[in-house]
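Please open the structure in your viewer and keep the selection tool at hand. The stops below suggest what to select next and say what is there.

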Amino acid sequence: MKMASVRAALLAAASPIVLAGGAFAQSADEPGAQRQLEVITVTAQQREQSLQEVPVAVSAFNQVQLENSGVRDIKDLIVLAPGLMVTSTQSETITTARVRGVGTVGDNFGLESSVGVYIDGVFRARNGVGFGDLGELQRIEVLRGPQGTLFGKNTSAGVLNIMTQQPEFEFGGQAELQVGNYDLRRLSGSITGPIVEDQLAFRLFAVTHQRDGFTTMNLRQGGTTTVTDSETQDYYSIRGQLLWTPSATVTGRFIADFSDRSEFCCSAVQWDYDPTIAAIVGSLGGQVLSPANPSARQAFANTPYQQDVTDWGLSAEFDVDFDGATLTSITAFRHWENERTQDIDYSGLDIASRLDGNFTDLDRFSQEFRLQGVRGNLDWLIGGFYSREELELGDAIRFGTQWEPFLGILLTAPSGTPSPAGVSQTVFNLTGGAVSIPPGAAITAGSGVNQDIYNQTATSWAIFTHNTYQLTDRFAITGGLRYTREEKDLTASFSTNSPAACAALEGAFGLNPVSGWVQAATLGGVPAATITGGAVAIGNICLPYARSGLDNTGYDQSRTDEEVSGTLRAQFDLTDDVMIYGGYSRGFKAGGFNLDRQFNGPLTPGVGYTNVDTSFAPETISAWEAGFKSTLFGNVLQLNGNFFYQDIEDFQLNTFNGTAFVVESVDEARSYGAEFDFLWLTPVDGLDISGGYAYVNTRYETITTTDPLIAALQGESFSLSPEHFFNLAVNYERDLGGNLITRMGFDTRYVSGYNTGSDNDPEKFQESFTLLNARIGVGSNDERWFLELWGRNLTDETYAQVAFDAFAQGRRGTAGADGGEWTQPRNTASYAAFLGAPRTYGVTLRTRF
């Protein structure tokens, strides 16, 4: 079925419908009485409990808060949750969450998430796989710190626990139309009601969304430049649910969803270009903003940034009540696939790109059982979990028409003076002979095409228990344990059409031409400066994607990780309104394999690299935490806070070095700080203020590595980890009379300066900034309709989500660390960046019946 036809069907299904409103503050029964805070129910411990009674650092946001702040996906959540960072890079599906400074750079599917994303009880295998329109939300819980007992797999830093609206036995529906700048058009709707009275109910949700891009793309193809948009959005999604209650003791919930995205995303702007590189690009006809001006949101490419994503899944959850216990079963299967093209050098020159052959297919089956009950003073829970994930990833890179002259000028004319002979000038002289690159045939257009295929299977199972014992009316102890075992098997095949230049060098110096050149030149008495220059030149000519040493061997690797994680906590009610708690928890994230080319195994001449090891160790976090939860001043102020200290072993660090991704394990790291959040129902009727503050201090303590750039991180802070976060939301509602109400509010988020690069290169530093969102609307008291004007990032802040080394466009000098500061200049390095969204505004119309 064509996309237009599918959209038409979705819009027809959505057309009759509306928004369900609600308030997170309830009024007392008597007119004029002081309002009271609602009890917020959470499932942070896999049973329904009051937020204020759970000895866990968790923030919960209900439907009204999420709607007021315009939360559609996990990235939008940062405006409400202090200490949470969510960023996207090469595509919006490469989205990564961080809590308390801990997270995983998402550009490598071999790395799994440190922050787990659960949607309706089902784990999403990567944060980016969980990125998408969440639809009708009931509640989102942000659990901070290790959650390795109950949520299990890959939750060493925290959990985003997302619950959508369930079917209802009362007929109703909702619809929402949204239009805005950048030609935003979004239509969503749902309908719910009974199929069999009191036994079977349904809910159907559908959304279609289009928006032009935030970035002006100068796309040069075949000598012609076309100006278009990048960072567009174009997707549709549908989710159907059934709620089955055949008896008073059995409840079943069945969910099926499907999403499709076809978008031009995501380009990077020039963040900071070295003048030498800018001159070379300009001399070959490429366009460069000099000096770089990120706020202009201008990007350059020769290949479209096309991403096509299909995501669908099925799940079934059953709750069966026995005498004093409840058995829960959650069965799920999910499929996610992505195909994309990409200009990987993000410049106006045709240097290198990804075309056909770049894809990701991810299938995951999971089954969880939990048995929970109360016996006397003991609230007990036992359970088991199983999952099997099958990942296939394809990567193909081709060199472009201007790679040969660009590289030739870069290597032979460091001052930036054009040298038309290019790489053909590069001659490697040795005693007894020389290797000369053939003029004009060094690297031809379309050569160097590689096709890498990775197949990884991950099988994981666990058993766990989590129990709370009420020692007195005010004092309780919570303890939990989890044993996890995970097996991963990886096979990979490689096919390389080496450019003539690299093929000649491999023929002369072996399948590791850099070390072969150094060895031969040293024996031949070549001057040290010449050896170094030759090694740099060969390294650029024979990039990882051009080397053929893996073609005959590939990878065949496996690993098994097992770990006991758990928690031990105590809580004490100082009064009926104030609780303090403290304890220890340990989280675990399994090891894995770097899904990028590596050349670190034994090298057999004429055969290639064998027994290559791309594995990295599991990541564990040991966290100590003390906090309090309070409801004050007659139940009008909720104030919660905690202090934490986390030791991290074998932190999985993913770094892009300008040509490839490198995964390293940082031996020891730590994170400590404090987090506070509040909700205040002010004396002014209808005026509510909420917010939070987080202080997070991170540090790489011990690093054992042969990579000088990684070694330079010792003593420095984590990337993408500001020290200070501050969130504030103000909401006001007023009755206008005549069955009309008005609502208005704003929310703001401030973060202090932080480095966006995983190597902490100072050129990638982002200064502190503040985001401000606001809205004002009017509608009917009975919620039959509501019209709202909204704006996001009203001050139009330009900020980098992630800055990175521009592909093959110069390199930094070797960094030295002195008191945590880089002491070496950047040399001829250039940088690009993925930006956050600019100012957006629009109008939303909601209805319901």
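Which side chain meets that of Asp452 in a salt bridge? Select Arg597 together with Asp452: their side chains form a salt bridge at 2.9 Å, N to O, where the term stands for a side-chain nitrogen of Lys or Arg within 4 Å of a carboxyl oxygen of Asp or Glu. Asp452 belongs to strand E31 (residues 450–470) and Arg597 to the loop between strand E35 (592–593) and strand E36 (603–604), so the pair ties together parts that are 145 residues apart in sequence. Strands here are DSSP runs of E with at least two residues, helices are runs of H or I with at least four, and both are numbered from the N terminus. Asp452 and Arg597 are both buried, that is, under 20% relative accessible area, with exposed meaning over 50% and partly exposed in between (1.4 Å probe, protein chains only).

Before moving on, note that this is a predicted model, in which local features need pLDDT of at least 70 and side-chain atom pairs count only at pLDDT 80 or more, while totals for chains, interfaces and linings use all residues. Residues are numbered from 1 along each chain as its sequence is written, and side-chain values use heavy atoms, with hydrogens and water left out.

Next, select Arg47 and Asp379, whose side chains meet in a salt bridge of 3.0 Å, N to O. Arg47 sits in the loop between strand E3 (41–42) and strand E4 (49–50), whereas Asp379 is in strand E27 (residues 378–395), 332 residues away along the chain. Both residues are buried.

Stay with strand E27 and select Asp395, whose side chain forms a salt bridge with that of Arg354 at 2.6 Å, N to O. Because Asp395 lies in strand E27 and Arg354 in strand E25 (residues 352–354), the pair ties together parts 41 residues apart in sequence. Asp395 and Arg354 are likewise buried, and a search of the whole structure finds 43 salt bridges.

For the last stop, select Leu787, which is found in strand E48 and, at 39% relative accessibility, counts as partly exposed. Add Leu177, Val179, Met744, Ile776, Trp785, Leu789, Val843 and Leu845, which together with Leu787 make a nonpolar surface patch of about 710 Å². Such a patch joins nonpolar side chains (Val, Leu, Ile, Met, Phe, Trp, Tyr) within 5 Å, from residues with over 30% relative accessible area and no salt bridge; the areas come from the Shrake-Rupley method with a 1.4 Å probe. Strand E48 gives the largest share of the patch, 3 residues.

Key: Patches are made of residues with over 30% relative accessible area and no salt bridge: like charges are joined within 9 Å, nonpolar side chains (Val, Leu, Ile, Met, Phe, Trp, Tyr) within 5 Å.
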